[in-house]
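Trainee: Could you go through this structure with me and show how each label is earned? I would like to set the values against the definitions.

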Amino acid sequence: MKSCLLPPPSEIFEIASLLSQIPHAIQMGNYEMAKQILRESNSPEIRRWTEALWGKGGIYYQLQKNLGTPKTIPLDQRDILRMPDKKLASELIKRDGHYCRFCGTPVIRKEIRDQLKSQFPDELPWGKINLSQHAAFQAMWLQYDHVLPHARGGRTTLDNMIITCAPCNYGRMNFLLEEIDLELLKRQSPTILNWTGLEELIP
């Protein structure tokens, strides 16, 4: 069994190390440095990885072609709570850290991205389609994912949810792990020294 559909490029860990300098740059008032880091991290290589997983014609579409679209249960039979509440989200991050449980990619919460986007809208673009979004922040977008997919009866509970990156989440979609020969990694050992998902940016 494999732990992810497509291993991330090594550059994503280098870029995470680069991004980890942003909180200090902002604290010191060095906004030009923060802007430069955001520009440098909008990486074409990371974009290619993300698109290969959940872009048009990516791995998810290949899985559908080979296995068929997974059958889901009616909306009225699904867990009413689709996304974790604040308490559960905090417990998930405390347990899994800021790393994808499939591929190990360092991840960043949407709230952190939104704060940076409001400060640096030109350097952190976030349009309505994949190709108009900042490559690193799209790939490192923290997701609260269901092990047994919500659309297939999975509950929104601590024991059925994990932290993942957006490409792994959207690349798998509603397939069961066993259907696509995936297994979860144990809790990630930090691969980036002191990686906190840039949480220092929120007081």
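Mentor: Before we start, note that this is a predicted model, in which local features need pLDDT of at least 70, side-chain atom pairs count only at pLDDT 80 or more, and totals for chains, interfaces and linings use all residues. Residues are numbered from 1 along each chain as its sequence is written, and side-chain values use heavy atoms, with hydrogens and water left out.

Trainee: Why does W141 count as buried?

Mentor: Buried means under 20% relative accessible area, exposed means over 50%, and partly exposed lies in between, with a 1.4 Å probe and protein chains only. W141 has 19% relative accessibility, so W141 counts as buried.

Trainee: And what makes Y170 partly exposed?

Mentor: Y170 has a relative accessibility of 26%, and therefore falls between the two cut-offs.

Trainee: How many aromatic pairs are there in the whole structure, and why is the one between Y60 and F175 called edge-to-face?

Mentor: The search finds six aromatic pairs. Rings of Phe, Tyr and Trp (its six-membered ring) pair if their centres lie within 6.5 Å, and planes under 30 degrees apart count as stacked, over 60 as edge-to-face and the rest as tilted. Y60 and F175 are 6.0 Å apart, centre to centre, with 65 degrees between the planes, so the pair is edge-to-face. Y60 is buried at 12% relative accessible area, and F175 is buried at 2%.

Trainee: What makes the pair of W141 and Y170 tilted?

Mentor: Their centres are 6.4 Å apart and their planes 50 degrees apart, so the rings pair and the arrangement is tilted. W141 and Y170 also belong to one aromatic cluster with W54 and W126.

Trainee: How do you know that the charged end of R113 sits over the ring of W126?

Mentor: A charge sits over a ring if NZ of Lys or CZ of Arg is within 6 Å of the ring centre and within 35 degrees of the ring normal. The charged end of R113 is 3.8 Å from the centre of the W126 ring, and R113 also lies over the face of W141, at 4.8 Å from the ring centre.

Trainee: Which residues of helix α6 (residues 86-96) are buried, and why are they said to be on the same side?

Mentor: In α6, the residues L88, A89, L92, I93 and D96 are buried. They cover an arc of only 135 degrees around the axis, which puts them on the same side of α6, where the arc is that of the directions from the helix axis to the C-beta atoms. On the other side of α6, K86, K87 and K94 are exposed.

Methods:
Helices (H or I, at least four residues) and strands (E, at least two) are DSSP runs, numbered from the N terminus.
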